[in-house]
Amino acid sequence: MWGRNVYDSISKFLQFQLTVNIVAVIVAFTGACITQDSPLKAVQMLWVNLIMDTFASLALATEPPTEALLLRKPYGRNKPLISRTMMKNILGHAVYQLTLIFTLLFVALQRDQRPQDPRREERL
């Protein structure tokens, strides 16, 4: 029971980590190519990884095993750790997160490029 629970926890952790890291690398690279400045600096990327690693490992390490794990067939030795379903989930979540992040990034860029109202500056 514990072995299957550990395997499931490792699979969930890998799925979460790969999604976060894929998104972070694509955002940093694409943002640097388009805006000539990376939206995430190196220290920010380290903090994202530190926080995501800590919370994910705590959440998955404290998940207790259930009796339903014993009803499932054991995985074979040759079964890949990242299954086809996991890969679909990783790519699907990455596309969703990238769409949201790039939408916010480019909306912010367009707002910065609009001419400011001079009357607004006088009021401030």
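**Group meeting: a five-helix chain**

Let me open with the contacts. Among contacts in this chain between residues at least 6 apart in sequence, 84% join residues at least 24 apart. Keep in mind that this is a predicted model.

Now the layout. The chain has 5 helices and 0 strands. Along the sequence, the pattern reads α-α-α-α-α. There are 124 residues, and 19% of them count as buried. The exposed area of the chain is about 9600 Å². Carbon and sulfur atoms supply 66% of that area.

On to the inside. Which residues make up the largest nonpolar core? They are V23, V27, A94, L98 and F102, 5 residues in all. Two helices, α1 (2-35) and α4 (84-113), each supply at least two residues of this core. The largest share comes from α4, with 3 residues.

Take V23 from that core. Leaving aside residues up to four places away in sequence, V23 touches A94, Q97, L98 and I101. A94 and L98 on that list are core members too.

Next, helix α4 itself. It has 30 residues. From first C-alpha to last, α4 reaches 43 Å. The expected value is 44 Å at 1.5 Å a residue, so the two are close. Which residues of α4 are buried? M86, I90, A94, L98 and F102. Of these, A94, L98 and F102 also appear in the core.

Let me stay with M86 for a moment, and bring in S11. S11 lies in helix α1. Is S11 buried or exposed? It counts as buried, because its relative accessibility is 9%, and the cut-off for buried is under 20%. What does S11 touch, not counting residues up to four places away in sequence? L81 and M86. M86 is itself one of the buried residues of α4.

Now the outside. There is a nonpolar surface patch of about 640 Å². V43, W47, L50, I51, F55 and L58 make this patch. Look at W47 in particular. W47 lies in helix α2, residues 42-61. W47 counts as exposed because its relative accessibility is 52%, and exposed means over 50%.

To recap, three places to look at on the screen. One is the core, V23, V27, A94, L98 and F102. Another is S11, with its contacts to L81 and M86. The last is the patch that includes W47.

How values were computed:
Residues numbered from 1 in each chain as written. Predicted model: local features only at pLDDT ≥ 70, side-chain atom pairs only at ≥ 80, totals over all residues. Heavy atoms only, no water. Core = buried A, V, L, I, M, F, W, Y, C linked by side-chain atoms within 4.5 Å. Buried < 20%, exposed > 50% of the residue type's maximum accessible area, 1.4 Å probe, protein only. Helix = DSSP H or I, 4+ residues; strand = E, 2+ residues; numbered from the N terminus. Contact = heavy atoms within 4.5 Å. Areas by Shrake-Rupley, 256 points an atom, 1.4 Å probe, with all protein chains shown as cover. Patch = residues over 30% accessible without salt bridge, like charges linked within 9 Å, V, L, I, M, F, W, Y side chains within 5 Å. Salt bridge = Lys/Arg side-chain N within 4 Å of Asp/Glu carboxyl O.
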